[in-house]
Amino acid sequence: MVVIGSGQYISSFSEDADGELYVLRVESNEIHRLVPAGAPVPSTFPDWLSETGCVDPTDEHQPASGMIPYGVNHALWSDGAAKGRYLALPDGATIDVDADGDMDLPIGSVVMKHFWVGGAYVETRLLMRHDDGAWAGYSYEWNQAQTDAALLPQAGKRRVLPNGQTWVFPSRNGCLSCHTAAAGRTLGLELAQQNRDFAYDAESCGNQLTTWDAIGLFTSALPGPVASLPALAAVDDAAASAEARARAVLHVNCSMCHRPNGGGGGNADLRVQTALAATNLCDVDPQEGDLGVNGAKLLMPGDPARSLVSVRMRRTGAGRMPKLGSLMVDPLGTAAIDAFITGLAACP
């Protein structure tokens, strides 16, 4: 028997009259057809970033005029890369917000993220919601001249950067393995992430939720005054509690899969809004192996070395979490996790 991990929450399989095999995903109302590995997938997506309409045609480093810049309270770890974030909605369209605070962008929306390392642009990723309602991710690799970025094939690639680190350009399937339907696909767009001030230019700075509400981006009124809405703690926020910082690390880097219907192994629910006692972490035996750690628990109060949430984050090979998109250990994130575990005297 061969066991294959898909990174998808698969509900069922089915076969049609022609013998084609399909995968059903109930939580996202999606049906996918299985094709042989290496089979070409037709795509009419632009071959160059400059052709997408998402960047300024006179300077591809700058967003097009219709793109809205935004920031997050707690950034996903991306091997030390700096990032610029933008989104665009179709004219007249608005954003729904679900019960978890995740933003549901309408058909035709695009989310763009620039990545740069050592001052040089390495990659730009686009996440687009197509006419059928399905999301798809596209990676563009910047050329050495820094004048444009080329669309990568669906398989993605790896590249060694001038500083010696290996950069992972995700496959298109890999994009959706992390951008799960259960987490709302866009990940960084949620009330707790955008509840913060953002400088739009040298003279304009304000709370993003207040600003977006004022310009009519939301379909419905916000669920309460902005001051009463949740806000994730930044990993380096000395004013935040150790628990708030650690829970933000897990929420941003892990909860896209480790939540109900997220497709992650085990029963852990790492969303920040889930009470620690309900996360299925504390003093819980691992279901996906102990990595050779004697007496391992998912989280052992006072002992990071026996807590697999810490051990997995510090690995760079087999058993590493997150599985995709990163090859380097997050120094601030792991420190925040270990500080919280060390200071936790007992499970709640």
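Q: How do the residues lining the largest cavity divide into nonpolar, polar and charged?
A: The lining has 7 nonpolar, no polar and 1 charged. Nonpolar means Ala, Val, Leu, Ile, Met, Phe, Trp, Tyr, Cys and Pro; charged means Asp, Glu, Lys and Arg; the others, Gly among them, are polar. This is a predicted model: local features need pLDDT of at least 70, side-chain atom pairs need 80 or more, and totals for chains, interfaces and linings use all residues. Side-chain values use heavy atoms, without hydrogens and water, and numbering runs from 1 along each chain as its sequence is written.

Q: Which residues line the largest cavity?
A: Ala-246, Arg-247, Leu-250, Leu-299, Val-309, Ile-337, Phe-340 and Ile-341. A cavity is a set of points on a 1 Å grid over the protein atoms alone where a 1.4 Å probe fits but cannot get out; lining residues have an atom within 4 Å of a point.

Q: Which helices each supply at least two of the lining residues?
A: Helix H4 (242-254) and helix H6 (331-343). Helices are DSSP runs (H or I, at least four residues), numbered from the N terminus.

Q: Switching topic. Which cysteines form a disulfide?
A: Cys-282 and Cys-347, with sulfur atoms 2.1 Å apart. The cut-off for a disulfide is within 2.5 Å.

Q: Where do Cys-282 and Cys-347 sit?
A: Cys-282 is in the loop between H4 and helix H5 (308-314), and Cys-347 is in the segment after H6, 65 residues apart.

Q: Is Cys-282 buried or exposed?
A: Buried, at 14% relative accessible area. Buried is under 20%, exposed over 50%, partly exposed in between (1.4 Å probe, protein chains only).

Q: Why no bond for Cys-254?
A: Because the closest cysteine sulfur, in Cys-257, is 8.9 Å from its own, too far for a bond.

Key:
On a 1 Å grid over the protein atoms alone, a cavity is a set of points where a 1.4 Å probe fits but cannot get out, and a pocket is an open set with protein on both sides within 12 Å along at least five of seven lines; lining residues have an atom within 4 Å of a point.
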